[in-house]
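Me: I am a first-year student, and I would like a close look at a single strand in this model. Please take me through it slowly and explain each term as it comes up.

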Amino acid sequence: EIQRLIGRSLRSVVNLELLGEIQIKIDCDVIQADGGTRTASITGAWVALHDAVKFLMLKGKVTRNPIVEQIAAISCGIVGGQALIDLDYYEDSSAEVDANFVLTESKKIVEIQTTSEKKVLSKDEFLNLYQIMENEIDILFKKQLDIIS
């Protein structure tokens, strides 16, 4: 499931026609699979994808950058009735609601996974989680750019 989530997320921001027959494999070792590690894998995988494309362009294997936009992912949840962001293992395992958001830098939605673990989620609670996530995800986009520059 995590492998497919990461693959779908990366493919969503790549013009695959520009890669032609080239296949890029990115290995993400998710040691402890809570919401925070899967979303960190997506955010880090975008950096690895950027580096792979940069290498291919330097070698002349790709003439135009096929990456059309940045993506990042972040986990949120409701724990003890409180909305939290970037859940650690303990928070994730005791969350009443668990959510993972994958967005592009322009705030287009790539994927949202939301699960009611111990209680159903109201529309207002969902919108609150979305707002919290949207306010914080720019930090991840900036960190990605800091790493690749």
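Reply: What follows is a walk along one strand and its partners. The model is predicted, so local features need pLDDT of at least 70 and side-chain atom pairs count only at pLDDT 80 or more, while totals for chains, interfaces and linings use all residues. Residues are numbered from 1 along each chain as its sequence is written, and side-chain values use heavy atoms, with hydrogens and water left out.

The part to look at is strand β1, residues 71-79, where strands (E, at least two residues) are DSSP runs numbered from the N terminus. β1 is mostly covered, since nine of its nine residues are buried, and buried means under 20% relative accessible area, calculated with a 1.4 Å probe on protein chains only. In a regular strand the side chains alternate between the two faces of the sheet. In β1, I71, A73, S75, G77 and V79 point one way, whereas A72, I74, C76 and I78 point the other way, and all are buried.

β1 also has strand partners, and two strands pair if DSSP finds at least two bridges between them. With strand β3 (residues 97-104), β1 shares eight bridges in an antiparallel arrangement, and within β3 it is D98 that stands opposite G77. With strand β2 (residues 82-85), β1 is joined by four bridges, again antiparallel, and the partner of I78 there is A83. β1 and β2 together form a hairpin with two residues between them, and G80 in that turn has a positive phi of about 60 degrees.

How values were computed:
Buried means under 20% relative accessible area, exposed over 50%, partly exposed in between (1.4 Å probe, protein chains only).
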